[in-house]
Amino acid sequence: MPAKEGPTVNAELFRRRLAELIAQKGVSEVQMSRDLGRSKGYVQSLTSGRAMPTMKVFFQICDYLRLSPAQFFDVPEEGEQAEIIRWFLAADRATLRAIDELIRRIS
């Protein structure tokens with residue numbers, strides 16, 4: 001049986017961005033969980049990286065935060081950053097792990 005893998009780079013990006021957006025909105029994780037009709041610890045499980053939402057719940061989160069999915073990830077529509085983000089989103093898991101390792105080494 002293969003070893004269980006840790007969070008992917010995309011999961012980490014989601015977790016960090018959700019926590020940032022919740023702070024900007026000025027709402028607690030418990031309140032957001034309740035507003036979404038979930039258990040009080042649901043959003044905390046997302047921001048801690050213990051869980052990932054389904055696509056349906058992700059869209060509900062975007063609606064709650066009054067953002068489009070693209071705005072959730074703060075994806076620019078054009079320019080150098082947009083090109084890098086498109087490349088990043090299309091990269092395979094091994095490439096993402098290598099980039100993650102490189103960034104951790106230089107940070």
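How many residues does helix α7 have, and how far does helix α7 reach from its first C-alpha to its last? Helix α7 covers residues 93–106, which gives 14 residues. Its reach is 20 Å, close to the 20 Å expected at 1.5 Å a residue. The model is a predicted one. At the N-terminal end, Asp92 caps α7. A side-chain oxygen of Asp92 lies 3.1 Å from the backbone nitrogen of Ala94.

Now turn to helix α4, residues 55–65. Its buried residues are Val57, Phe58, Ile61, Cys62, Tyr64 and Leu65. Which side of α4 do they take? They cover an arc of only 160 degrees around the axis, so they sit on the same side of α4. The general geometry fits this pattern. An α-helix has 3.6 residues a turn, so residues three or four places apart point the same way. The face of α4 turned away from the buried side carries exposed residues: Met55, Lys56 and Asp63. After α4 comes Arg66, whose phi is positive, near 60 degrees.

Two residues on the buried side of α4 also take part in ring contacts. Take Phe58 to begin with. Its relative accessible area is 7%, and the cut-off for buried is under 20%, so Phe58 counts as buried. By the pairing rule, the model has 6 aromatic pairs. One of them joins Phe58 and Phe72. This pair is edge-to-face, with 5.2 Å centre to centre and 80 degrees between the planes. Phe58 lies in α4 and Phe72 in helix α5 (residues 69–72), so the pair ties together parts that are 14 residues apart in sequence. Phe72 is buried as well, with a relative accessible area of 0%. Ring pairs also build a wider group: Phe14, Phe58, Phe59, Phe72 and Phe73 are linked into a cluster.

Tyr64 is another buried residue of α4. Here the partner is a charge. The charged end of Lys25 sits over the ring of Tyr64, 5.1 Å from the ring centre. Arg38 makes a similar arrangement with Tyr42: Arg38 lies over the face of Tyr42, at 5.4 Å from the ring centre.

Arg38 and Tyr42 lead to Ser33, since both are among its contacts. Ser33 has its place in helix α2, residues 29–35. Is Ser33 buried or exposed? Its relative accessibility is 0%, so Ser33 counts as buried. Leaving aside neighbours within four places in sequence, Ser33 is in contact with Arg38, Ser39, Lys40, Gly41, Tyr42 and Val43.

Note on methods. Residues numbered from 1 in each chain as written. Predicted model: local features only at pLDDT ≥ 70, side-chain atom pairs only at ≥ 80, totals over all residues. Heavy atoms only, no water. Helix = DSSP H or I, 4+ residues; strand = E, 2+ residues; numbered from the N terminus. Buried < 20%, exposed > 50% of the residue type's maximum accessible area, 1.4 Å probe, protein only. Contact = heavy atoms within 4.5 Å. Phe/Tyr/Trp six-rings, centres within 6.5 Å; stacked < 30°, edge-to-face > 60°. Lys NZ or Arg CZ within 6 Å of the ring centre and 35° of its normal. Arc of directions from axis to C-beta. Expected span 1.5 Å × (residues − 1). Polar contact = N/O pair within 3.5 Å; in protein donor to acceptor, adjacent residues only side chain to side chain.
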